[in-house]
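Morning, everyone. Please bring the structure up on your screens, and follow along as I go through it.

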Amino acid sequence: MNKTVLITGATSGIGKSSAYIFAKNGYNLILTGRRLERLNQLKEELENDYSIKVQVLNFDIRNLEDTQQFIKSIDRSIAPTIDILINNAGLAAGYGPIDEGKYEDWDTMIDTNVKGLLYISREIIPIMKEQGFGHIINISSTAGKDVYQNGNVYCASKHAVDALTKSMRIDLLNYGIKVTSINPGACETEFSLVRFKGDQQRAKAVYEGFTPLTPDDIADAIYYASTLPRHVCINDLTLTCITQANAHYNIKK
Ligand code: NDP
Ligand code: 8X3
């Protein structure tokens with residue numbers, strides 16, 4: 001019987017790379033995101049290339065009712081168990097001093113990165129408790145460990161993810177559920193394009209002058225953390241490219 005992994009935000013970047021690595025290793029997948037066409041393409045490709053099943057759940061994780069409804073619609077023939085939940089969907093919106101922040105951007109980041117992660121987790125944890133096992137992997141960031149200039153609310157949202165990860169681990173200790181935080185540094189995905197609202201030049205400039213992490217680098221770390229022996233749990237794993245020390249220091253040529 002295949003194991004199942006639920007990945008939020010699988011239409012791009014780290015979530016998409018994670019879908020590939022788990023598919024290659026024989027997991028069935030439940031993939032979420034708002035861009036349905038991308039989800040359907042990925043499903044078709046992965047089901048054709050690997051002998052696995054994929055269910056697509058097309059919803060916005062900021063919407064509680066939709067989240068509840070879509071999680072209830074999980075096809076238990078594809079996912080008799082939910083072995084791994086990767087809370088990956090997230091974003092930064094805007095970059096600037098706090099007194100110039102846009103209320104809409106703040107809502108978007110907090111509603112997605114914090115409340116969305118909570119909504120999904122609240123729906124999946126009872127399933128894992130009933131199973132008596134499961135692994136929750138929250139994608140935080142180096143921005144969840146330190147703050148940087150102009151990062152304010154994004155950093156706050158990832159610090160919240162860090163706190164929730166630690167809290168979940170304590171609250172779920174009795175139920176055989178592992179909880180891991182993966183904290184990447186700069187990784188070239190659509191992240192900066194989203195942060196800078198489609199400004200391709202500005203987004204590209206973020207990754208110039210150094211070799212950033214790739215989404216496959218992060219997916220490898222996620223896969224590693226999720227395939228350790230039953231009694232071993234990586235609590236917290238921060239990874240950066242070789243020129244980056246933390247959220248502040250990244251040497252660019
Ligand atoms: P991408 O922009 O490439 O991917 C983000 C994913 O999140 C997309 O699949 C997107 O899907 C999904 N998403 C965003 N908002 C929503 C929403 N409201 N409802 C459902 N899905 C949503 O960025 P990354 O792959 O880089 O980001 C993935 C995670 O990694 C994020 O949590 C990010 O904060 C974190 N991270 C990224 C780093 C980086 O440097 N890239 C470093 C550290 C952490 P869709 O738009 O189709 O809904
Ligand atoms: C994303 C990394 O440095 O852009 O979490 O905040 S950074």
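Start with Lys158. An N or O atom in the Lys158 side chain is 2.9 Å from an oxygen atom of ligand 1. Keep in mind that this is a predicted model.

Arg34 reaches ligand 1 too. Here an N or O atom of the side chain is 2.6 Å from an oxygen atom of the ligand. Gly90 makes its contact through the backbone. A backbone N or O atom of Gly90 is 3.5 Å from an oxygen atom of ligand 1.

How much of ligand 1 does the protein bury? On its own, ligand 1 exposes 880 Å². The protein buries 96% of that.

Now look around ligand 1. There are 30 residues around it. Thr11, Ser12, Arg34, Tyr154 and Thr189 come nearest. Sort the shell by class, and you get 12 nonpolar, 12 polar and 6 charged residues.

Which helices each supply at least two residues of that shell? They include helix H1, residues 13-24. Helix H5, residues 152-171, does so as well. So does helix H6, residues 191-195.

Next, ligand 2. Its surroundings are Ser141, Ala143, Tyr148, Tyr154, Phe191 and Arg195. By class, that shell has 4 nonpolar, 1 polar and 1 charged residues.

Take the polar contacts one at a time. An N or O atom in the side chain of Ser141 is 2.6 Å from an oxygen atom of ligand 2. For Tyr148, a polar side-chain atom lies 2.5 Å from an oxygen atom of ligand 2. For Tyr154, a polar side-chain atom also lies 2.5 Å from an oxygen atom of this ligand. And the cover? Ligand 2 alone has 240 Å² of accessible area, and the protein covers 81% of it.

You have now heard Tyr154 twice. It is among the residues that come nearest to ligand 1, and it is one of those surrounding ligand 2.

Stay with helix H6 for a moment. Ser192 is found there. Is Ser192 buried or exposed? It counts as buried, because its relative accessibility is 3%, and buried means under 20%. Leaving out residues up to four places away in sequence, Ser192 touches Ala203, Val206 and Tyr207.

Go just past H6, into the loop between H6 and helix H7, residues 200-206. Lys197 lies in that loop. Lys197 is not a glycine, yet it has a positive phi of about 55°.

Asn150 is another one to find. It has a positive phi of about 75°, and it is not a glycine either. Look for Asn150 in the loop between strand E5, residues 134-139, and H5. Asn150 counts as partly exposed, because its relative accessibility is 22%.

Last topic: the nonpolar cores. The largest has 37 residues. Which of them touch the most other members? Those are Phe22, Leu29, Leu31, Leu46, Ile86, Ile182 and Ile222. Helix H8, residues 215-226, gives the most to this core, with 6 residues. Apart from this core lies another, of 22 residues. Its members include Ala79, Ile120, Ile127 and Met128.

Back to Ile86, then. Skip residues up to four places away in sequence, and Ile86 still touches a long list. Val5, Leu6, Ile7 and Thr8 are on it, among others. So are Ser18, Phe22, Ile137, Ile139 and Ile222.

That's my tour. Thanks for listening.

Notes
Residues are numbered from 1 along each chain as its sequence is written. Chains are lettered from A and ligands numbered from 1 in the order in which they are written. This is a predicted model: local features need pLDDT of at least 70, side-chain atom pairs count only at pLDDT 80 or more; totals for chains, interfaces and linings use all residues. Side-chain values use heavy atoms; hydrogens and water are left out. A nonpolar core is a set of buried Ala, Val, Leu, Ile, Met, Phe, Trp, Tyr and Cys residues joined through side-chain atoms within 4.5 Å. Buried means under 20% relative accessible area, exposed over 50%, partly exposed in between (1.4 Å probe, protein chains only). Helices (H or I, at least four residues) and strands (E, at least two) are DSSP runs, numbered from the N terminus. Contact means heavy atoms within 4.5 Å. A residue is near a molecule or strand if one of its heavy atoms lies within 4 Å of it. A polar contact is a pair of N or O atoms within 3.5 Å; within protein, one must be able to donate a hydrogen and the other to accept it, and residues adjacent in sequence count only if both atoms are side-chain atoms. Accessible areas come from the Shrake-Rupley method with a 1.4 Å probe; for residues, only the protein chains shown count as cover. Ala, Val, Leu, Ile, Met, Phe, Trp, Tyr, Cys and Pro count as nonpolar, Asp, Glu, Lys and Arg as charged, and the others, Gly among them, as polar.
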